[in-house]
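Hello,

Here is the structure I promised to pass on to you. Please open it and keep it beside you while you read my notes below.

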Amino acid sequence: MKLNFLTAHELKNLLDSGRNTPTDILNDVKIRYEETESKVRAFARTPFFDQVKIRQDADGPLAQIPVAIKDNICSKGDLTECSSRILKGFRAPYDATVVEKLKNSGAIIFGKTNMDEFAFGSSCETSCFYPTRNPWDLDCVPGGSSGGSAAAVAADEVIMSLGSDTGGSIRQPASLCGVVGLKPTYGRVSRYGLIAFASSLDQIGPFTKDIRDNALLLKVIAGYDERDSTSVPMPVPDYLKILGKDVKGMRVALPKEYFVEGMDLEVRASLEEAKARLESLGAIFKEVSLPHTEYAVAVYYIIATAEASSNLARFDGVQYGFRAQSGNDNDSKGLISMYKESRGQGFGAEAKRRIILGTYVLSSGYYDAYYSRALKVRTLVKQDFDKVFSDFDVILTPTSPTPAFKIGEKMDDPLSMYLSDIYTISVNLAGLPAISLPCGFTKKGLPLGMQIIGKPFGEEDIYRLAFQYEQNTPWHKEKPKL
Amino acid sequence: MAISKEDVRYIANLARIGLSESEIEHFQKQLEGIFEYIDQLKKLDVSAIMPAAHVLDIKNVTRPDIVKSSLDPKLVMDSAPAKQGQFFKVPKVIEG
């Protein structure tokens, strides 16, 4: 079998046994890229073929493993454009902490993946480059915003990747592409070098082909960093040690608000089968209520856009990348006009829509009615989870209300696009960790995913349940035909 | 909540985003739909609830005041669209 189809832990065994060399891995990954990238378009630009070198000295848990990173994560000297015109030509002057950690672990940074512009979207269609396509059906979206990172792993163009998740941007594309994606607890992974979208919600996390690789990659990137004042000084457990522990007696909550009349029947059926499977392994299920679920999307689109409007104020044609041509004229109309034209031309439609929405909810006269109220409802959403977690270890839900939808289907209807994150958004509001892992396929052959939500810093509980489920089901071994 | 084209124009100016007339019209309709949706928050009584700005129980994070090397100015300036020496160059701000 070509090595690009394997996981990092499988490759490590092959390297350790001397059966294969690092060059073998890189060659197979490059060949796969050349065969499939024109169909999938997972990368924001050509990967670093010229720079990618085997690191003979590399010694670490990810030694010689090619890893792709989302285009909003800084890597020194490389284009880092957030798939946005306004960052055209921006080369990061430093490595993000996660990139430093990857390099220290021996990994090879293989390339930057396509994304929704500034992570604003659930389909990878708002990229200024091109939409990424779902490897399981090239007419469908891969999900978003980390659609490129999910598709690159699903298409076996790379062994593992990093994404970022503000309202579901790791878990939803993982679900739609049939791979594993984890959003860690807020504060678990440093965001130093992640170009900010909404600072109270953003987290970086791993995309992998199976749970063991996910635990391996999280262990590499997690930990306190004094350069991110929201990273938490707590020791990083050895996540691999929990894998293999049985799930007997684990208490799993099913929130009734996530299983409603009219939900996608195949999504519902896959969750029912997963529940039966886990029950047979000894997990104990009970229905619970998260009563403020219906408000989460509204709260999110106030808080996330408010924070985004502030974070994106720095892109004004002065320091990074793009400036409108007229801003450089000698007889230019002045600084304010240069800002407006650079931002008007540099941002795409969804970015403008969100900046305007966020500016509106923060503006004088509307702050209390929207922003301040949303922060209070956020407290209620968090309290719902606190209450459930006093009696349960994890919560099981679908990841996405539907399987992958067609490219173009939701582009003219922002609200329906926003609602595709309905199962993932509350988790960010409450700062919790959550994973999406494959749990079946539709009749048409599209992957389905389920979400396991844990307590704050409860990643071990998540991996424990997820690993047992994965090892007792065939889904993670399926590959798209490309 | 009703949103007028004038509102969109006013907010776009605050956000320093230049919009075309057709963009203003388009956003006005879409924002009206989005506000109709988020207005459901008004159903809740939140008078006794404390706001959650973020979820961590940490405040006022400080670190020792130690001099360290900073970013390479050349690398930082390399991505600037217009520069002169070690300065970002912008259109004239103050009329002479």
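Below is what I found, going from the sheet to a pair of helices and then to the contact between the chains. Please keep in mind that this is a predicted model.

Let's start with the sheet in chain A. It is an open sheet of 10 strands with mixed pairing, and their order is 2-1-3-5-4-9-10-8-6-7. Strand 2 (108-113) and strand 7 (284-288) of chain A each have a single partner strand, so they stand at the edges with one side lacking a neighbour in the sheet. From one strand to the next, the twist averages 30 degrees. For a closer look, try strand 3 (residues 160-165) and strand 5 (residues 203-208) of chain A: they run antiparallel and are joined by five bridges. One pair to find there is Ser164(A) with its bridge partner Ile204(A). Helix 7 (residues 265-280) of chain A packs on the sheet, and its direction makes about 55 degrees with that of strand 10 (447-454) of chain A.

Next, the helices. The axes of helix 8 (residues 296-311) and helix 10 (residues 349-362) of chain A come within 7 Å and cross at roughly 100 degrees, which means that these two helices of chain A are roughly perpendicular. Residues in their contact include Tyr301(A) from helix 8 and Arg354(A) from helix 10. By class, the contact has eight nonpolar, four polar and one charged residue.

Finally, the two chains: chain A brings 61 residues to their contact and chain B brings 44. Helix 11 (367-389) of chain A gives the most to chain A's side, with 10 residues. That side has 29 nonpolar, 19 polar and 13 charged residues.

Enjoy exploring!

Note on methods
Residues are numbered from 1 along each chain as its sequence is written. Chains are lettered from A and ligands numbered from 1 in the order in which they are written. This is a predicted model: local features need pLDDT of at least 70, side-chain atom pairs count only at pLDDT 80 or more; totals for chains, interfaces and linings use all residues. Axes are lines fitted to C-alpha atoms, for helices over the stretch in contact, and angles run from 0 to 180 degrees between N-to-C directions. Helices (H or I, at least four residues) and strands (E, at least two) are DSSP runs, numbered from the N terminus. Angles under 35 degrees count as roughly parallel, over 145 as roughly antiparallel, 65 to 115 as roughly perpendicular and the rest as oblique. Two residues are in contact if their C-beta atoms, placed from the backbone, lie within 7 Å. Ala, Val, Leu, Ile, Met, Phe, Trp, Tyr, Cys and Pro count as nonpolar, Asp, Glu, Lys and Arg as charged, and the others, Gly among them, as polar. Two strands pair if DSSP finds at least two bridges between them.
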